[in-house]
Every structure is written in structure tokens, then in C-alpha cells.
Amino acid sequence: MSTPYPFTALVGQTDLRLALLLNAVSPAVGGVLVRGEKGTAKSTAVRALSALLPRVDVVPGCRFSCAPTAPDPVCPDGPHEPGQGAARPARMVELPVGASEDRLVGALDIERALAEGVKAFEPGLLADAHRGILYVDEVNLLHDHLIDLLLDAAAMGANYVEREGVSVRHAARFLLVGTMNPEEGELRPQLLDRFGLTVEVAASREPVQRVEVVRRRLAYEDDPAGFAGRWAGEEEAVRARVVAARALLPQVVLGDNSLLQIAATCAGFEVDGMRADIVMARTATALAAWAGRTSVRKEDVRQAALLALPHRRRRNPFDAPGLDEEMLDRILDQFPDEDPDNDPEPGPEPEPEGPGEGPEDGGPHDNGPDDGAGPDGGGGIPPRDSGPELPGPDERVEDRPGTEQGPQSPDSPDSAQGADPAEQAPVRAAEPFRTKMLSVPGLGEGASGRRSRARTAHGRTTGATRPRGQLTKLHLAATVHAAAPHQKARGRSGRGLVIRKDDLRQATREGREGNLVLFVVDASGSMAARQRMSAVKGAVLSLLLDAYQRRDKVGLVTFRGAAAELALPPTSSVDAAAARLEKLPTGGRTPLAAGLLKAHEVLRIERLRDPSRRPLLVVVTDGRATSAGTAAGAHGGTPRELAGQSARLLAAQGIASVVVDCESGPVRLGLAGVLAADLGGPAVSLDGLRADSLAGLVKNVRTSSPTLRRAA
């Protein structure tokens with residue numbers, strides 16, 4: 001077994017380490033969600049935490065880690081008689097992104113259950129993680145139904161597995177830690193709320209701190225055992241402090257004044273529901289125990305708010321998590337501590353630096369690419385002169401980039417021979433609106449989502465088939481129907497059916513899939529009018545919100561000047577798409593053909609990467625084509641002819657398309673309608689970009705395009 005990187009040797013990341021240790025003290029806090037860019041020691045910190053957890057006593061031979069002093073009365077391996085146990089280290093179990101439901105919750109052998117009448121259960125990762133840590137890297141990339149199962153088990157402390165009337169239950173209490181990179185997509189607000197605490201992490205921008213990260217990493221890679229040995233004293237001190245805080249936790253008093261502070265804070269920040277109040281109460285109590293006190297103070301409540309509330313204040317996917325600390329202080333100042341001197345002061349904190357500091361020490365190790373450390377970008381850091389500060393540097397960097405909005409010039413259509421208009425500064429999007437559901441025709445087989453019809457693992461049962469590989473979803477009626485004619489030949493004598501493997505039938509189900517919505521946006525000079533571009537951005541933003549809710553991937557292609565650009569490769573992060581859209585400048589000529597060919601290339605590559613995910617193309621333009629562009633110039637012909645050829649190429653692929661016509665003014669050329677006909681889809685005018693008209697039109701793509709009907 002490789003030597004883990006020491007937890008106390010991490011540089012910075014004060015909030016991350018504090019949140020993990022509070023959950024180690026009190027798992028009832030509800031876990032930690034760690035959000036941040038790649039290479040910020042997220043995985044390193046989680047893996048290092050397991051070495052600090054106390055050893056656990058388990059019943060020998062029990063696959064579900066029952067405690068010998070209080071075994072689970074319904075343990076599938078039970079019943080267990082209370083007695084002597086065997087001590088082992090607390091486990092850290094990792095849930096892979098591609099794990100199946102049976103791998104997570106466990107698998108019931110349906111064949112043996114039907115044929116022999118026995119419950120044959122193979123434990124899953126939830127059983128392995130009982131009384132330890134369950135770590136989910138890239139939790140935002142897990143299928144929603146797996147996240148639901150995971151969070152349900154964490155909340156109830158038990159795992160329930162049911163298959164066709166056969167059920168198994170076992171205890172599943174663990175410290176849940178999830179990490180994610182927001183650039184790869186967000187979690188739904190309902191799932192965010194289920195994590196007790198959240199921490200934003202970012203790499204340090206301080207050269208001195210970055211140098212220290214590199215030193216420690218290099219020293220660890222040169223001699224992992226020796227490096228860990230130099231930090232053994234600090235590790236043991238923190239481990240002892242965790243044990244002491246756990247013992248002190250039941251004695252901590254959460255007074256009425258502290259409860260008022262918690263309630264006023266949650267109400268003041270308009271947090272939905274009551275889970276935030278409960279999590280803050282548990283976190284503040286754990287903070288007091290960690291600081292060695294038996295009563296909760298205002299600074300505990302403040303720190304609890306900074307860790308428990310930021311992710312619960314998001315109202316839509318484009319809101320950045322965060323908390324106004326000045327507002328928080330104003331709320332808490334209304335309820336000062338009644339008797340802050342009632343508690344003895346905690347003992348001195350461990351020193352920030354361990355032995356062997358200097359050029360020979362190296363940085364965090366992650367057993368992979370997620371290396372580095374730095375101060376976190378959210379959640380807050382406890383002041384140096386108050387309770388729960390952790391060992392290690394306390395520096396912090398905050399980057400708050402601003403945005404500039406310049407004046408917009410009036411609309412000036414470009415011409416084929418004139419000079420390019422000057423580039424216009426980005427304009428803000430109009431207020432988004434609610435859209436109806438967009439869908440792609442036919443029956444797909446893509447990733448689970450909420451948009452188009454598809455064959456899925458979850459949904460309504462539509463039929464039965466012979467299983468290919470392991471049976472996962474039994475169709476009981478079809479199985480009995482297949483076995484019934486053979487009962488006499490098989491010598492049936494009792495009431496039960498004689499079932500053979502060939503009789504088993506797999507249920508086929510129909511649900512919804514997520515699609516790839518690719519936006520192709522005209523950013524040329526003819527689109528530069530403030531009101532027009534604002535309305536266009538508002539419409540695209542509304543469709544992005546719909547894509548977020550329906551679990552789609554989105555991409556953004558823009559074209560202007562002489563070329564088209566893939567502004568955002570297909571991703572699950574709709575907030576990244578919204579950010580790129582907000583900063584989109586306009587100006588230059590109109591290489592429509594280049595934009596369409598770029599879309600064709602993007603969709604071709606995505607079809608190779610994910611052939612089961614079906615695309616929907618949304619082209620936002622006035623239909624003008626004044627430049628062949630570098631991508632289409634080699635084919636010859638006028639810019640308009642090249643645009644028509646490019647559109648017909650997309651139509652030949654059976655790609656569902658809609659054109660949003662941005663042409664305005666008393667005289668209209670109707671070029672967007674011509675483009676829509678070449679694409680084999682409908683067109684809608686910019687004036688009709690309201691919820692019912694636009695979304696209804698996109699939804700009706702399947703009835704308006706002969707090409708799409710043939711593709712379906």
C-alpha cells in the first residue's frame with residue numbers, strides 16, 4: 001500500500017481542512033461538497049483525511065462492519081452476538097463515475113431468489129463505506145438517480161435494496177465527501193441542498209505559497225515514507241484532537257441565543273426550507289467541540305454559516321455561490337453572546353509548520369493529476385484569534401474580476417465589399433423567460449435526462465426481452481409466462497414454479513434522455529444593435545436554463561468577420577455557456593457558411609465521442625451571408641450559395657434544426673426562412689421570441705421537417 005500524503009502537510013486550504021475535520025468530529029453534519037478548479041488538492045485532502053480517523057471495532061467476518069458492542073439487528077450476515085471485535089482502520093471507499101446502481105447499493109441474485117427461495121445479496125460500496133468515508137470524485141458527472149440513492153442512504157443511515165418483492169436492508173453510516181469542477185456542470189439545487197457543507201477552493205496566487213507547495217510535493221515524491229514520518233507528530237496531534245472532540249461533542253450546549261442567531265441568519269438570507277438551520281446547528285456544535293469548548297459562541301455560528309449557506313442561496317444555475325459577510329455580521333450583531341467568558345479557553349493550536357520545512361520539502365500528492373494547494377475561494381476562514389483555526393498558512397486570495405459594458409453603436413448592416421465595422425463591446429442579455437420543452441423526434445438511447453423519448457434503465461416498463469449479460473431489471477410476468485409451459489416436463493410437485501435461467505426476462509423501459517443543444521449565433525455587424533442583440537442573448541439564455549433543467553449538454557459556435565469560432569465545446573456546464581454568451585462581442589462581416597460548417601464539424605466529432613446523444617441545432621441569425629469565410633472559401637461560389645450548401649449538408653445528416661430570424665426593419669429579405677428550408681427545419685422571427693412561440697416552434701421541429709421524420 002502506498003504511503004498517503006499527510007493531511008497536516010497541506011498548504012493553505014483552511015476551509016477545506018476545517019470542513020473535513022468537522023465531519024470527522026460529527027458525521028451528522030451531512031458531508032462536504034468541494035468545488036474548485038483542477039489541481040487544487042481536493043482529492044489529496046480527502047484521501048489524507050482517512051488516516052486521521054480513529055480505528056473501528058468490527059464483528060469478525062461481518063461484510064457490513066457491524067460494531068461488536070451494538071451490532072445491527074437486521075444485518076444480512078446476522079444475527080451477531082455481542083462480544084469481542086477486531087480493530088481495523090476506517091476505510092475510504094471511492095465511487096467511480098461510471099459505477100452501476102448494483103455496484104453502489106449491492107446486488108440481489110434474482111435467479112436464486114426465484115429458483116431456491118433464498119436471499120443471496122452481494123454488498124455494494126455503501127456497505128464497504130459503513131463507519132468510514134465514501135468519496136465521490138466528479139460527483140456532478142454521476143447519473144442523477146445514483147446521486148439520489150447515495151444521498152438517501154447518507155440521510156437515513158441505511159441502505160434499502162428491493163427487487164421484485166425481495167428486499168434487503170443494512171446500516172450505511174459514512175462521511176460523504178464529493179468533489180467537482182463547476183466548469184464540467186453543476187448539481188441540481190435539490191442535490192446541492194443535501195450536502196451539509198460546501199467549500200470553494202482555488203489555487204493560490206501568492207508566489208511564496210506556490211513555492212512551498214512545489215517543495216513539499218517534490219520531497220514527498222522523492223521519499224514518501226520519510227516525508228510522512230517527518231509529519232507523524234502533527235498527524236497524531238490532529239488525530240487525538242478528533243477523538244477528544246468526538247468525546248466532548250455530547251456535552252456541548254447549543255443555547256437559545258445561538259439558536260436565534262442561526263434562525264435569523266437563515267431567514268435573513270432567504271434560504272429555502274429548514275435543512276440549513278439544522279446543518280448550521282450541528283456545524284456550530286462541532287466547531288465548539290473542535291475548539292475544546294462546551295458552549296456555542298457567535299464565531300461558531302458565523303463560521304457555520306460560511307460553510308453551510310453559500311450553496312443553498314442559488315436560485316438558478318447562473319448564480320455564483322457566495323455569502324455577503326457584511327450582511328452576516330449585521331444579523332449576528334443583533335444577538336450578542338450572553339456570557340462569552342463562561343467557557344475556558346482552548347489549549348494552544350498546533351504550530352502551522354512541521355519538521356523539516358525548507359527546500360527539501362515538497363507538495364501535496366494526489367495519486368493523479370489533481371495536485372496542488374492554495375487558499376479556498378469561499379466559505380470564510382476563522383479569524384486568527386478565535387477558536388477553530390487549523391494548522392497551516394492562513395493566507396487567502398480573492399479574485400473578483402469586474403465586467404465592463406461599453407456603449408453600443410446603432411445597427412449598421414454590413415456589405416460584401418465594404419470594410420468591416422468596428423467591433424462592438426458586449427451587451428447584456430435581456431431577462432430570460434420560461435420555455436416549453438424542446439424535443440428531438442424518434443426514440444433515442446442516450447444518457448438519462450429529461451428531454452426526448454428514449455430507452456433507459458429507469459422509466460415505465462414497455463416490454464420484455466431476453467437478458468444480454470447480467471439480469472438487472474426482472475420482468476416478472478414475462479418470466480412466469482416463459483416458465484409456465486414447462487412445469488410438467490420439469491417435474492413440478494409443489495406450489496412453487498420451477499424456474500430455469502432461460503426463463504428469465506429483462507424488462508425494457510422507456511424514459512427521457514438528455515440531448516446536445518448546439519447554438520450557432522451570428523455575431524456580425526448586422527447583429528450589433530443593442531436592443532436586437534440583447535433580445536437574442538435573452539432568448540439563448542432562456543434555452544440554456546431549459547437545457548440545465550433537462551440535463552442536456554450545450555455548445556456555442558459564433559461567427560463574424562472571416563471565420564467561425566467554437567466559443568464553448570459541448571459541455572454540461574450551462575453556466576459556462578452563459579458566461580461566454582454574456583461576453584460575446586459583435587462586429588465584422590457575416591461568414592454564415594463558416595458557422596454552419598463549424599457546427600457540422602463539432603457535431604461530427606461529438607457523434608464519434610458519444611454516438612447515442614442526439615443533437616438539436618439552434619441557428620440564431622438574420623440569414624445574411626456577406627463573406628465566404630476561411631472555412632468555406634475552398635468550395636467556390638457566392639457566400640449565399642455556400643451557406644445553402646452547408647445547410648443542406650446538415651439536413652442530409654438528419655439533424656433537428658430551428659432558425660431564429662433576427663432580421664428587423666420595414667423591409668425584410670426573408671433570408672432566414674430560406675436558410676431554414678435548406679436546413680429542413682422551421683424559422684421564427686425575432687419579434688416572436690417569447691416563451692410560447694419560440695419553445696413551441698422548436699418543440700414542433702419533429703412535425704415540420706420531412707428530413708427529420710425520415711431520420712426518426
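User: At roughly what angle do the axes of helix 11 (residues 256-268) and helix 12 (residues 275-290) cross?
Analyst: Happy to help! This is a predicted model, where local features need pLDDT of at least 70, side-chain atom pairs count only at pLDDT 80 or more, and totals for chains, interfaces and linings use all residues. Residues are numbered from 1 along each chain as its sequence is written, and side-chain values use heavy atoms, leaving out hydrogens and water. The axes (lines fitted to C-alpha atoms, for helices over the stretch in contact, with angles from 0 to 180 degrees between N-to-C directions) come within 9 Å and cross at roughly 140°.

User: Is helix 11 parallel or oblique to helix 12?
Analyst: Angles under 35 degrees count as roughly parallel, over 145 as roughly antiparallel, 65 to 115 as roughly perpendicular and the rest as oblique. The axes of helix 11 and helix 12 cross at roughly 140°, which makes helix 11 oblique to helix 12.

User: Which residues of helix 12 make the contact with helix 11?
Analyst: Contact means heavy atoms within 4.5 Å. Helix 11 contributes Ile-262, Ala-263, Thr-265 and Cys-266, and its partners in helix 12 are Ala-276, Asp-277, Met-280 and Ala-281.

User: How far apart are the axes of helix 1 and helix 10 (residues 232-248)?
Analyst: Helices here are DSSP runs (H or I, at least four residues), numbered from the N terminus. Leu-21, Ala-24 and Val-25 in helix 1 meet Val-238, Val-242, Ala-245 and Arg-246 in helix 10. The two helices pack at an angle of about 50°, and their axes are apart by 9 Å.
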